[in-house]
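Let's take a friendly walk through this structure, one region at a time. Keep the 3D view open as you read, and find each residue as it comes up.

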Amino acid sequence: MRLLSILLFFVFCSYTVIAQNDIREFQYSPDSISITESTPIYISDTELIMFFCSPKNDTIYISKTTDGGINWSVPGFVIETQVITDGSEIFLRSLLTPTNRIILCWSVQQRGMYSIYSDDYGISWSQPVLILGGLTGGITRRNFNLNLSQITDNKIWLSMNHINNGGFSFYRESTDNGVSWGDNTSATIDTFSMSTTPSYSDVSFIGLSETEILAFYQSSSSEEQHIYMRRSTDGGNSWGADELITGTEQAEKRPRAIKSTDGKIYLVYQREYETIKQSIVQNDIFYKTSTDGGSTWSEEQRFTKYIGD
């Protein structure tokens with residue numbers, strides 16, 4: 001999953017995906033620090049920021065590069081995540097907004113979802129905001145598959161799944177650049193899907209205009225795990241039919257969509273292959289592009305080969 005995040009660096013860098021043999025290992029993994037989760041921020045072709053977690057997922061760190069990833073700064077402390085169980089996944093996600101504000105979000109089981117932001121590229125941070133949590137059970141305390149999406153210049157969506165509701169997919173909106181996300185109840189959560197057969201997860205949104213939005217997601221059932229797209233032309237009030245983007249006999253997972261400044265859409269996802277060893281799978285990263293707002297897609301490109309888990 002770490003390489004899926006790193007690929008987003010290369011997509012943004014001049015919007016050219018580099019060859020696999022140009023991939024370099026992050027300087028502080030795995031020898032000096034064992035990284036469990038990471039999320040990147042692209043500033044320029046030479047300036048990149050990496051946020052990552054300690055092995056217990058109890059602390060978030062930051063490291064920066066100014067030479068395109070050749071050298072990285074010594075990791076600095078950002079915040080403690082307040083996890084209850086060491087090593088439990090927090091679904092760390094980041095977003096750089098049009099005002100150059102960095103937003104970090106994560107989810108702590110039995111506590112809730114949190115966000116912080118920085119207006120100086122990670123030198124200082126806001127106090128954490130409890131987006132949902134601190135209440136009794138339900139959707140407010142156990143959320144996973146977080147994704148941050150810039151819908152318009154003044155609208156950000158945070159999508160999520162709830163572990164006790166099958167494939168139910170929700171999102172919450174911020175209209176003040178990530179300062180607040182509605183009240184601390186499920187009343188202000190928007191619903192993307194209540195389907196359980198198939199279930200929809202890992203929803204990644206792209207805003208094409210004030211009213212037109214694309215949603216990419218993993219559709220899972222006993223027969224398939226593929227990547228689909230839905231389109232909304234009324235700002236998310238309603239959604240069109242499911243459109244299959246990629247589907248093979250293998251499982252496809254974890255879609256991530258990005259729109260570059262020229263309007264080109266990059267859709268990145270993982271494909272899972274069985275191996276000769278039972279219960280051990282092979283994950284590789286693929287991507288497709290669209291230059292017409294998702295109406296048509298390029299041929300699939302393979303980014304990695306035999307990367308393992």
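## Reading the model

Helices and strands here are DSSP runs numbered from the N terminus, with at least two residues for a strand and at least four for a helix. By that numbering, S115 belongs to strand 7, residues 112-118. We will come back to this serine below.

Please bear in mind that this is a predicted model. The protein has a mean pLDDT of 83, and 82% of its residues reach 70 or more. Confidence is highest in strand 5 (residues 93-96), at a mean of 96, and lowest in helix 1 (residues 2-12), at 46. Residues 1-20 have a pLDDT below 50, and this stretch makes 64 contacts in the model beyond near neighbours in sequence. Where pLDDT is low, the predicted coordinates should not be read in detail.

## A cluster of rings

Aromatic side chains are a good place to start. Across the whole structure, a search finds 15 aromatic pairs. One of them joins F205 and W239: the ring centres are 5.8 Å apart and the planes meet at 35 degrees, so this pair is tilted. F205 sits in strand 13 (residues 199-207), while W239 is in the loop between strand 15 (225-232) and strand 16 (243-246), so the pair ties together parts that are 34 residues apart in sequence. Are these two residues buried or exposed? F205 is buried, at 2% relative accessibility, and W239 is buried as well, with a relative accessible area of 18%.

Y217 and Y228 form a stacked pair, with 6.3 Å from centre to centre and 15 degrees between the planes. Y217 comes from strand 14 (residues 213-220) and Y228 from strand 15, so that distant parts of the chain, 11 residues apart, are linked. Both tyrosines are buried. Stepping back, ring pairs connect W157, Y171, F192, Y200, F205, Y217, Y228 and W239 into a cluster.

## Charges over rings

One member of that cluster, F192, also has a charged neighbour. The charged end of R230 sits over the ring of F192, 5.4 Å from the ring centre.

A second arrangement of this kind involves R271, whose charged end sits over the ring of F286 at 4.4 Å from its centre. F286 appears again in the next section.

## An open antiparallel sheet

In what order do the four strands of the open sheet run? The order is 17-18-19-20, with antiparallel pairing. Strand 17 (251-259) and strand 20 (301-302) are the edge strands, each pairing on one side only.

Strand 19 (residues 281-290) and strand 20 pair in the antiparallel sense over two bridges. F286 has R302 of strand 20 as its bridge partner, while the ring of F286 has the charged end of R271 over it.

## S115 and its surroundings

Back to the serine in strand 7. S115 is buried, with a relative accessible area of 1%. What does its side chain contact? The side chain of S115 makes a polar contact with the side chain of W181, at 3.2 Å. Setting aside residues up to four places away in sequence, S115 touches L104, C105, Q127, P128, V129, I131, G178 and W181.

V129 is also a contact of V179, along with R101, Y117 and S174, leaving aside neighbours within four places in sequence. V179 lies in the loop between strand 11 (169-174) and strand 12 (190-193), and is partly exposed at 34% relative accessibility. V179 and S126 are 53 residues apart in sequence, yet their C-alpha atoms are 8.9 Å apart in space.

## Two positive phi angles

Most residues other than glycine have a negative phi. Which backbone angle of Q82 deserves a look? Phi of Q82 is near 70 degrees, a positive value in a residue other than glycine. Q82 is placed in the loop between strand 4 (76-80) and strand 5, where it is partly exposed with a relative accessible area of 42%.

R254, again not a glycine, has a positive phi of about 50 degrees. R254 lies in strand 17, an edge strand of the open sheet. With a relative accessible area of 25%, R254 is partly exposed.

Definitions and conventions: Residues are numbered from 1 along each chain as its sequence is written. This is a predicted model: local features need pLDDT of at least 70, side-chain atom pairs count only at pLDDT 80 or more; totals for chains, interfaces and linings use all residues. Side-chain values use heavy atoms; hydrogens and water are left out. Rings of Phe, Tyr and Trp (its six-membered ring) pair if their centres lie within 6.5 Å; planes under 30 degrees apart count as stacked, over 60 as edge-to-face and the rest as tilted. Buried means under 20% relative accessible area, exposed over 50%, partly exposed in between (1.4 Å probe, protein chains only). A charge sits over a ring if NZ of Lys or CZ of Arg is within 6 Å of the ring centre and within 35 degrees of the ring normal. A polar contact is a pair of N or O atoms within 3.5 Å; within protein, one must be able to donate a hydrogen and the other to accept it, and residues adjacent in sequence count only if both atoms are side-chain atoms. Contact means heavy atoms within 4.5 Å. Two strands pair if DSSP finds at least two bridges between them. pLDDT is the predictor's confidence in each residue, from 0 to 100.
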